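Visitor: Please take me in for a close look at one part of this model, and then show me how the other local details read when treated the same way. I work with coordinates all day, so keep the cut-offs in.

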Amino acid sequence: FNHLIYQMDNESRAYLKTMKKIRFDKKTLAVPALLLFLTGCAGDDASQENSSVQPGTENMTRFSVAEDAVGPQPASATRTAGEYTGSAVKFYWTSGDRLWVNDAATALKVSNRSTIPATAGKETAASFYFDGVFTALSYPVRYTGNGNAAGDKVTIKAEQQQQAPNDGAHIGADGDCGTAVAGRQGDGSYRFMLDHKASYLTFAPYDSKGKLAGTVSVQQIKVTADRDIAGTYGFDDSGIRKDAASATSRCITLTLSDRFTLSQTSDYTRNGAIMVLAPGDYANVTVAYTLKDSKTGVTGTVSKTYSTLKLNAGRNRLVKFDLALPRYEMKYYMWDAGKDYWNTYTGTLPAVDGEEAPFNGKNTDRYFNGNGSDLYAVNSCKTCPNANEATLYAFRGDPHWDETTLWVMNKHLYIGGMWFKKLQYCDGNSQQSPVTVYPDGKDYRDNSVWKDWVENSSDYHGKWVRTPAQGKPSDTSRYFYLPAMGYLDNGTSNGKLRLGAGGYSGAYWTSTSVKKSNGSLQAVSLHFSKSEVGLDVDDRVWAYPLFAVQ
């Protein structure tokens, strides 16, 4: 070092001796500034760049990002606006960014010009110009967010937005901030590297259970903690001051566009969503992902709670979350048919109410069991609950309508279903299948109970329904769930999907069939909607999903 000083002119020697006195740590740029000065004297590209003067800046001082700095840098020494690289957030400068310099003589000064074009999306390098001539060897520098009019405050927004996957152009406006120490160069300009002071989460959710349709996307991510993670904070040369906070919030909502689709493995290039948060140690942090299927119109939320979450200033954490949505086969059966209605069908299956995939099953093994003498199932419905067991589920199984649980069928999102107590917990008894006698002493498998059934009659239908409880049970271990898959309307058409039509959000066959007094072949079904749950007698030609005794 002293040898280098000896070879330089007096002015340079004086400057370097002064620089030598500045203490180095990872939050300053004393060493990088020194090295840049030395290479500048050698006449490299950086020196040539510094010699250029942008028109209109003759009476201004330039502060530039030290892109070619060498030596130790702050751990988060980067720019603003960002994208995730697989290991960290890579930051960029964007239009509207400006700097504040803490000049002890005149307090805070704000830059009034930069090299960032007004139409620029993002820039890897930038220079900022300040009125007047700066002469100190170094100055504290602050970045308080894109468009922020204050140099001593930072607002981490509770409502943030991102338009494109893995493109954090929004973070500068949503609370990104940083500090630096700018070192004087030989041409009178200053150079710095920004040390970011906010914290960041990059979300990359996925669903390992199977491929989802391209119409399914993440619409929103909401983070809720035990204390404030957003608000307006004081800001000084050390960073965020949480002791000077106002308008704080314990939750941050990041709203996304339809472009954040899901894959079977975590893929930040496909749906990387970056959120800015206040640094700190948090507990009971819940992350809620709102999903939407633009084809089915279904919107719902899947969440996970973390007992602790440590967010360090200037650092990013990648959050991979497997949504693991429950899936159900899109199989509907005419009563006790040998195969499901669409078995061997190669066309497009319906996804929304009223869509149709006609595939007539008459005279095939997909047609209903037409036996009118032996009134019990022998094919697909033989493992379904009988009429006694279905009655227990509906009337003594504490049914709960749940309109929040998301599930997948045929790669699309659906929502809602009914929870029933498992058979062993119904009526507080240890019921075992097959139940041959209902607790009231009757056997509802007997055809005499149903043979004179009159649809919509208060003497029949009105007595066989009840109102379910609302919401998910607190202890689901004693319950099982049936999704509201609707049914196939085969009465006036073939293979028309009905979801919630005719009062049936869900309809499931039992193993008990019916031969009515008029000779019509029908069967007992368990049906439900938000407002009612019970048993009904339906034509065997309808196609319902099946479930086994639980």
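Guide: What follows starts at one residue and its partners, then moves on to salt bridges, a sheet, a helix and some backbone angles.

Some ground rules first. This is a predicted model, so local features need pLDDT of at least 70 and side-chain atom pairs count only at pLDDT 80 or more, while totals for chains, interfaces and linings use all residues. Residues are numbered from 1 along each chain as its sequence is written, and side-chain values use heavy atoms, with hydrogens and water left out.

Let's zoom in on Ser64, which sits in strand E1, residues 60-65. Helices (H or I, at least four residues) and strands (E, at least two) are DSSP runs, numbered from the N terminus. Ser64 has a relative accessible area of 4%, so it counts as buried. The cut-offs there: buried is under 20% relative accessible area, exposed is over 50%, and partly exposed is in between, using a 1.4 Å probe and protein chains only. Skip the neighbours within four places in sequence, and Ser64 is in contact with Ala126, Ser127, Tyr190, Arg191 and Phe192; contact means heavy atoms within 4.5 Å.

The side chain of Ser64 also makes a polar contact, at 3.0 Å, with the side chain of Arg62. A polar contact is a pair of N or O atoms within 3.5 Å; within protein, one must be able to donate a hydrogen and the other to accept it, and residues adjacent in sequence count only if both atoms are side-chain atoms.

Arg62 is worth following, as it forms a salt bridge with Asp187, with the closest N and O atoms 3.9 Å apart. That pair links distant parts of the chain: Arg62 is in strand E1, Asp187 is in the loop between strand E12 (178-184) and strand E13 (190-192), and 125 residues separate them. A salt bridge here is a side-chain nitrogen of Lys or Arg within 4 Å of a carboxyl oxygen of Asp or Glu. Arg62 is buried because its relative accessibility is 10%, whereas Asp187, at 37%, is partly exposed.

Zooming out, the whole structure holds 17 salt bridges. One of them joins Arg142 and Asp237, 2.7 Å from N to O. This pair, too, links distant parts of the chain, with Arg142 in strand E9 (residues 138-143) and Asp237 in the loop between strand E17 (230-236) and strand E18 (239-249), 95 residues apart. Arg142 is buried at 7%, and Asp237 is partly exposed at 28%. Another joins Lys109 and Asp103 at 3.9 Å, N to O; Lys109 is partly exposed at 26%, while Asp103 is buried at 12%.

Strands E17 and E18 bring us to an open sheet of three strands, ordered E10-E17-E18 with antiparallel pairing. Strand E10 (153-156) and E18 each have a single partner strand, so they stand at the edges and one side of each has no neighbour in the sheet. Neighbouring strands are turned by 25 degrees against each other on average, direction ignored. Axes are lines fitted to C-alpha atoms, for helices over the stretch in contact, and angles run from 0 to 180 degrees between N-to-C directions. E17 and E18 pair over six bridges; two strands pair if DSSP finds at least two bridges between them. Ala230 stands opposite Ser249 in E18.

Now for helix H7 (387-396). Eight of its ten residues are buried, among them Leu392 and Tyr393. The cover over those buried residues includes E26, E27 and strand E33 (521-528). At the N-terminal end, Asn386 acts as a cap, with a side-chain oxygen 2.9 Å from the backbone nitrogen of Asn388. Just after H7, Asp398 takes a positive phi of about 45 degrees.

That phi leads to the backbone oddities. Most residues other than glycine have a negative phi, and most peptide bonds are trans. Asn284, in strand E21 (residues 280-293), has a positive phi near 50 degrees and is exposed at 53%. Thr344 has a positive phi near 75 degrees and is exposed at 61%. Finally, the peptide bond from Ser433 to Pro434 is cis, with omega near 0 degrees, and Pro434 lies in the loop between strand E26 (412-421) and strand E27 (465-466).
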